[in-house]
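Open the model in your viewer and switch on the cartoon and the side chains. The tour starts at one loop residue and moves out along a strand.

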Amino acid sequence: MFWYDEVNDELFGVTATYADQLPFNSNGKKTERTLHRNWWRKQQERAKAKKQGVGIFAKDYTNVPRGRIFQSQDGTFELMCGSWINEHIVELVKDEFNLQNVPLEVRVDTHWELGHGWSEEFV
């Protein structure tokens, strides 16, 4: 998983695990298990504890561009993200996750759009 910092043009909050260390989920895909909202909440608490102000973590996590990498059983990798994605950010993701020489599909989904996240029933 990752977030994209539009101001500094970089990824942050990158959490990655080697795909061979993950099991396939019920949808036949592998992904790092940390949820964006949980990671974000932890960072908010850390920032508050340090009394340095919360900066970007003052925002709701759904209002910062974020995405996740999945691997399918056929070995194809998927970058799940919102429509905010562009080729430059795809290249940043490929570099960060070492995906330059593997099949990578970019899939835009409403869940990853700015302002969208889990429905209230999951919160």
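Select Thr-76. At 11% relative accessibility, Thr-76 counts as buried, because buried means under 20% relative accessible area (exposed is over 50%, partly exposed in between; 1.4 Å probe, protein chains only). This is a predicted model, where local features need pLDDT of at least 70, side-chain atom pairs count only at pLDDT 80 or more, and totals for chains, interfaces and linings use all residues. Residues are numbered from 1 along each chain as its sequence is written, and side-chain values use heavy atoms, with hydrogens and water left out.

Thr-76 sits in the loop between β4 and β5. Strands (E, at least two residues) and helices (H or I, at least four) are DSSP runs, numbered from the N terminus. Now show the contacts of Thr-76, meaning heavy atoms within 4.5 Å. Leaving aside neighbours within four places in sequence, they are Phe-70, Gln-71, Pro-103 and Glu-105.

Next, pick Gly-75. Gly-75 has a positive phi near 90 degrees, in a hairpin with four residues between β4 and β5.

Move to β4, residues 66-72. Seven of its seven residues are buried. Arg-66, Arg-68, Phe-70 and Ser-72 point one way; Gly-67, Ile-69 and Gln-71 point the other way.

Which strands pair with β4? Two strands pair if DSSP finds at least two bridges between them.

- β5 (residues 77-81): antiparallel, four bridges. Find Gln-71 opposite Phe-77.
- β1 (residues 2-5): antiparallel, two bridges. Phe-2 partners Gly-67.
- β3 (residues 29-30): antiparallel, two bridges. Lys-29 partners Ser-72.
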